[in-house]
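Good morning, and thank you for coming. I should like to take you through one structure, beginning with a term that we shall need throughout.

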Amino acid sequence: MAEASRVKPSPLTLHGIQFVRVLIEADLESDIVRASQFNFDGSMLNWALDYGYDDQDKTWWVAVGFGTAPDDERPRCPYILDVQAVGVFSVSEKYPADKHEGLAFEYGAALVYGAIREMVTNITSRSLAGTLMLPTPSFVGAFEMQRNGQSDEQPSDD
């Protein structure tokens, strides 16, 4: 048996995630009967990422929105989705100050999206088309994209 290693604490502390909007309904115009048959590859997805810093309590907030965008030219998800959530985080003062913003944004977005993914899975597990598992994105580089003002709406290359 391998020796147990110590897990290092993260420089990012999650204080909470709250949902702003949860809209999940069956898309009766989709050709997909069961969500397990749906592949997000090539479908049109809407993404929204935003963040900010609260000087009063020295925390970062990160907002993530995810939704499907029905498009007759692309594969259509069996559900219409519009889910938005916000997470609140703090960054350890031991972590380099010039990297706080990027860490809070990228890792915070990943944690908030994970909560969105879980919510969608839980709700659709008892819904008409069955359980839908959202794609697993990478938020690496999202901070630079946000700073450069690049579009949030892109086809999935999952």
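A residue is called buried when its relative accessible area is under 20%, and exposed when that area is over 50%. Thr121 has a relative accessibility of 18%, and therefore counts as buried. Please bear in mind that what you see is a predicted model.

Let me turn to confidence. The mean pLDDT of the protein chain is 89, with 92% of the residues at 70 or more. Residues 152-158 are another matter, since there the pLDDT is below 50. In the model this stretch nevertheless has 26 contacts beyond near neighbours in sequence. Where pLDDT is low, predicted coordinates should not be read in detail.

Now to the overall architecture. The protein chain contains 2 helices and 5 strands. Read from the N terminus, the order of elements is β-β-β-β-α-α-β. Along the principal axes, the C-alpha atoms fill a box of roughly 50 × 50 × 25 Å. Of the 158 residues in the protein chain, 38% count as buried. Among contacts with a separation of 6 or more, 74% are between residues 24 or more positions apart.

I return to Thr121, which belongs to helix H1, residues 100-124. Which backbone atom does the side chain of Thr121 reach? It is the backbone oxygen of Leu132, at 3.4 Å. Leaving aside residues up to four places away in sequence, Thr121 touches Thr131, Leu132 and Met133. Leu132 thus appears both as a residue touched by Thr121 and as the one whose backbone oxygen the Thr121 side chain reaches.

The loop between strand S1 (12-26) and strand S2 (44-54) offers two further residues, beginning with Ser30. Is Ser30 buried or exposed? Its relative accessibility is 11%, so Ser30 counts as buried. The side chain of Ser30 reaches the backbone nitrogen of Ile32 at 3.1 Å. If residues up to four places away in sequence are not counted, Ser30 touches Arg76, Cys77 and Pro78.

Ser36 is also placed in the loop between S1 and S2. With a relative accessible area of 68%, however, Ser36 is exposed. The C-alpha atom of Ser36 is separated by 8.3 Å from that of Ala129, although the two residues are 93 residues apart along the chain.

The following loop to consider joins S2 and strand S3 (59-68), and Lys58 is found there. Lys58 has a positive phi of about 60°, although it is not a glycine. The relative accessible area of Lys58 is 51%, so this residue counts as exposed.

Finally, the interior space. How many cavities of 30 Å³ or more does the structure hold? There is 1, and the space in the largest cavity is about 60 Å³. Of the 13 residues lining the largest cavity, those closest to its centre are Thr68, Ala69, Pro70, Arg76 and Cys77. Two of these names, Arg76 and Cys77, were mentioned earlier among the residues that Ser30 touches. By type, the lining comprises 9 nonpolar, 2 polar and 2 charged residues.

To close, I would set two residues side by side: Ser30 is buried at 11% relative accessibility, whereas Ser36 is exposed at 68%. I should be glad to take your questions.

Notes
Residues numbered from 1 in each chain as written. Predicted model: local features only at pLDDT ≥ 70, side-chain atom pairs only at ≥ 80, totals over all residues. Heavy atoms only, no water. pLDDT = per-residue confidence, 0-100. Contact = heavy atoms within 4.5 Å. Helix = DSSP H or I, 4+ residues; strand = E, 2+ residues; numbered from the N terminus. Buried < 20%, exposed > 50% of the residue type's maximum accessible area, 1.4 Å probe, protein only. Polar contact = N/O pair within 3.5 Å; in protein donor to acceptor, adjacent residues only side chain to side chain. 1 Å grid on protein atoms, 1.4 Å probe; cavity = no way out; pocket = protein on both sides within 12 Å on 5 of 7 lines; lining within 4 Å. Points joined across faces, edges and corners; volume = space filled by probe spheres on them. Nonpolar A, V, L, I, M, F, W, Y, C, P; charged D, E, K, R; others polar.
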